[in-house]
Structures are given as C-alpha cells and as structure tokens.
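I set out to look up the fold, the main pocket and a few individual residues. The entries follow the order in which I consulted them.

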Amino acid sequence: MAKYTSIAFIIMLTVVSVSHGQSSVPKDTVITLHRFTDAFAYFPEYNLTIKADGSVTFKQFAVPSLATPRPSVSYELIESKISIATVAALVADFERVKFFSLRDRYWKNEDGCNEWPDFAAAEISITINGKSKTIFHYGGCLDKNQRVYPGELAALATKIDTLVNTKQWLK
C-alpha cells in the first residue's frame, strides 16, 4: 500500500508542478506589439503591451493619409486584463518560434526577404528573465514562394492580437 501511495504522491506532485509551470510567468515579462500602417494608411496603427500579471495597455494612433493629411482624431489609452495562463501561452509561443535566435529585422533582401512595397509592418518585443529582444517584421517580406517570411513570426503577431482580442478596440 505504501508503494502505491508513494507513486500517487509523485504523480500528483508532477501534475501540480507541470500545471504551475504553464500558468506562471516571470515577473519581469513584458510583451509588446506595435503594428505600423501600410503606405496608404489602410490598416490601423497601434501599440499593445502585455505584462506578466496579465495587464494590457492599448493605444491606437491617428494615421495621416491623402484624405486626412493632418488627422484630428485622438485615441484614448485603453487598459484591460488577460489571464496569466494566456500570458504563459504567449510566452510559450515566443519560445516555440525561438524568438531570441531570430534576426532583429525582416525587411530587406539581406534579411532573406523578397521585398514587396507598401505593406504594413509589425515590431514585436519581449523582455523575460532579464533578456530583451525586438524584431521589426515588414509584411512585404516574402519568401521565394511569395509567402510571408518568416511565417512563424507573422503568426506570433496574429496570435498576440487574437488572444488579447485587439479588434474590439480598433476604430
């Protein structure tokens, strides 16, 4: 009986340890996504920041265009909250794409891109465990098959937007 109790205790300890690891996030974690508009100001420009405790700040920017070269729109800073488990899932995605080993930018031919003009861009950054990295990713950075390159980086930016539900604030 003691043998089964020990095995059950070890299994329970492992489950608790694994589930705790999935929902804990280093306290210095900060994830930032800045979306830049395209050449025609078709897409919105905004900055999104997520902290370890799940606090979220969102700020959309008025973007000049041919129709409104000096926009008078002013957007409020929005504060929100997501679960720590969601932050942990985002951190896991940064690890999955090996964010810290990617280039600092994907924009020009020397970055591995076949450039297409006039696309929107994103700047993605993370600070975690005292390390920081920022990557500029131009949406017109395409591979030889005309797919966004690197696809994992574009997917990461989309996942950040999706999990935070950024579209709820876009005007």
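Entry 1, terms. Before assigning pocket residues to elements, I note that helices are DSSP runs of H or I with at least four residues, that strands are E runs of at least two, and that both are numbered from the N terminus. I also note that the model is a predicted one.

Entry 2, the largest pocket. I first looked up its volume and found about 400 Å³ of space in the largest pocket. The lining comprises 23 residues, and those closest to the pocket centre are Arg35, Ala120, Ala121, Thr158 and Asp161. I then listed the elements that give two or more residues to this lining: β1 (30-36), β7 (121-128), β8 (131-138) and α3 (151-164). Which element supplies the largest share of the lining? I found that α3 does, with six residues. By residue class, I recorded 14 nonpolar, six polar and three charged residues in the lining.

Entry 3, the chain as a whole. I counted three helices and nine strands in the protein chain. Read from the N terminus, the order of elements is α-β-β-β-β-α-β-β-β-β-β-α. The chain has 171 residues, and buried residues make up 34% of them. For contacts between residues at least 6 apart in sequence, I noted that 60% join residues at least 24 apart. The accessible surface comes to about 10,600 Å², and carbon and sulfur atoms hold 59% of this surface.

Entry 4, Ala157 in the helix α3. Having seen the part of α3 in the pocket lining, I looked up Ala157, which is found in this helix. Is Ala157 buried or exposed? Its relative accessibility is 3%, so I entered Ala157 as buried. Outside its neighbours within four places in sequence, Ala157 is in contact with Leu33, Arg35 and Ile124. I also checked a pair distant in sequence: Ala157 and His34 are 123 residues apart along the chain, yet their C-alpha atoms are separated by 9.3 Å.

Entry 5, His137. I located His137 in strand β8. This residue has a relative accessible area of 6% and therefore counts as buried, the cut-off being under 20%. A polar atom of the His137 side chain lies 2.8 Å from the backbone oxygen of Tyr149. Not counting residues up to four places away in sequence, His137 touches Tyr106, Ala121, Ala122, Val148, Tyr149, Pro150, Leu153 and Ala154.

Entry 6, the peptide bond after Tyr149. I followed Tyr149 to its bond with Pro150 and found a cis peptide bond, with omega about -15 degrees. Pro150 lies in the loop between β9 (141-142) and α3.

Entry 7, Asp111. I placed Asp111 in the loop between β5 (105-106) and β6 (114-115). Why is Asp111 classed as buried? I entered it as buried because its relative accessible area is 3%. I then asked which side chains make polar contacts with the side chain of Asp111. Arg103 makes one at 3.2 Å, and Arg105 makes one at 2.9 Å. Excluding residues up to four places away in sequence, Asp111 touches Arg103, Arg105, Tyr106 and Tyr149. Tyr106 and Tyr149 also appear among the residues that His137 touches.

Entry 8, Asn109. I found Asn109 in the loop between β5 and β6. With neighbours within four places in sequence set aside, Asn109 is in contact with Asn114 and Glu115. I also recorded a C-alpha to C-alpha distance of 9.7 Å between Asn109 and Leu142, which are 33 residues apart in sequence.

Entry 9, positive phi values. I looked up two residues other than glycine with positive phi. Asn129 has phi near 50 degrees and is found in the loop between β7 and β8. I classed Asn129 as exposed because its relative accessible area is 57%. Gln146 has a positive phi of about 65 degrees and lies in the loop between β9 and α3. I classed Gln146 as partly exposed because its relative accessibility is 43%.

How values were computed
Residues numbered from 1 in each chain as written. Predicted model: local features only at pLDDT ≥ 70, side-chain atom pairs only at ≥ 80, totals over all residues. Heavy atoms only, no water. 1 Å grid on protein atoms, 1.4 Å probe; cavity = no way out; pocket = protein on both sides within 12 Å on 5 of 7 lines; lining within 4 Å. Points joined across faces, edges and corners; volume = space filled by probe spheres on them. Nonpolar A, V, L, I, M, F, W, Y, C, P; charged D, E, K, R; others polar. Buried < 20%, exposed > 50% of the residue type's maximum accessible area, 1.4 Å probe, protein only. Contact = heavy atoms within 4.5 Å. Areas by Shrake-Rupley, 256 points an atom, 1.4 Å probe, with all protein chains shown as cover. Polar contact = N/O pair within 3.5 Å; in protein donor to acceptor, adjacent residues only side chain to side chain.
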